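User: I'm new to this structure and would love a close look at one part of it. Could you pick a single residue and show me how it sits within the whole?

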Amino acid sequence: MSHQCCNLYVDLKSHIQRINFIPMVREILRFPHPILKKPTKKVDVIDREIRELVRDMFETMYHSEGVGLAANQIGVDLQVMVIDTTPRKESPPLKLVLINPEVIHSEGSLNYKEGCLSFPGLVVEVERNSKIQFKALDLEGEERTYELEGFPAIVFQHEMDHLMGITFLDRIKGLKKRLALERYAKLQKQRV
Ligand SMILES: [Zn+2]
């Protein structure tokens with residue numbers, strides 16, 4: 001009897017764990033949501049909540065076919081970003097979890113037509129650094145230094161901007177910006 005009871009307990013426990021570890025697709029906030037314009041806060045402790053956040057960020061990013069996502073894009077005010085360039089041919093596969101990232105050095109320049117999951121359908125040509133060196137914590141809390149070049153460097157800079165409350169529209173000016181805003185307004189109307 002007690003043996004059956006024990007099995008039941010083990011079954012129930014694994015069932016609960018399975019439920020808890022199912023990644024969730026969370027809602028991506030769209031411009032002009034105010035949280036996208038606010039700098040995010042540093043992560044103090046990498047606990048279960050952060051691990052779940054990262055897991056859901058990957059799931060949400062893959063669901064929308066993105067290659068990078070910042071935590072504030074799903075409404076979480078923390079310095080966490082995920083990157084996975086695997087689906088893109090212009091880059092070798094690179095999957096990163098970056099917590100509290102800090103830029104150490106940047107150089108060169110590169111223009112690239114970028115998209116953003118918070119501006120669905122909009123493409124904007126932005127000037128970025130072609131090479132970037134930065135440090136960040138990984139999910140184990142280890143500080144690592146990275147050097148990226150080309151497409152992955154662009155993805156990193158785009159997400160780093162998000163964490164600082166900056167969107168790609170803040171990287172363009174004048175007529176280019178006005179036209180991008182008009183295109184975005186039209187795209188928003190088509191969605192309604
Ligand atoms: Zn974006």
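Analyst: Here is a short tour of the protein, with a close look at T167 and then at the nonpolar core. Keep in mind that this is a predicted model.

Let's begin with the overall layout. The protein has 4 helices and 7 strands, and along the sequence they run in the order α-α-β-β-β-β-β-β-β-α-α. Of its 192 residues, 27% count as buried. Looking at contacts between residues at least 6 apart in sequence, 62% join residues at least 24 apart.

Now to T167, which you will find in the loop between α3 (151-163) and α4 (174-191). Is T167 buried or exposed? T167 counts as partly exposed because it has 18 C-beta neighbours inside 10 Å, while a buried residue needs 20 or more. Leaving out residues up to four places away in sequence, T167 touches F31, L36, C116, S118 and D161. Take C116 from that list: it lies 51 residues from T167 in sequence, yet their C-alpha atoms are 8.7 Å apart in space.

The helix before this loop, α3, also leads us to the largest nonpolar core. This core has 34 residues, and F156 is among those with the most contacts inside it, along with M57, L69, M81, V82, I83. Elements giving two or more residues to the core include α2 (48-63), β3 (95-107) and α3, and α3 gives the most, with 6 residues. Beyond its neighbours within four places in sequence, F156 is in contact with I83, I132 and L148.

Key: Residues numbered from 1 in each chain as written. Predicted model: local features only at pLDDT ≥ 70, side-chain atom pairs only at ≥ 80, totals over all residues. Buried ≥ 20, exposed ≤ 12 C-beta atoms within 10 Å, placed from the backbone. Contact = placed C-beta atoms within 7 Å. Core = buried A, V, L, I, M, F, W, Y, C linked by C-beta atoms within 7 Å.
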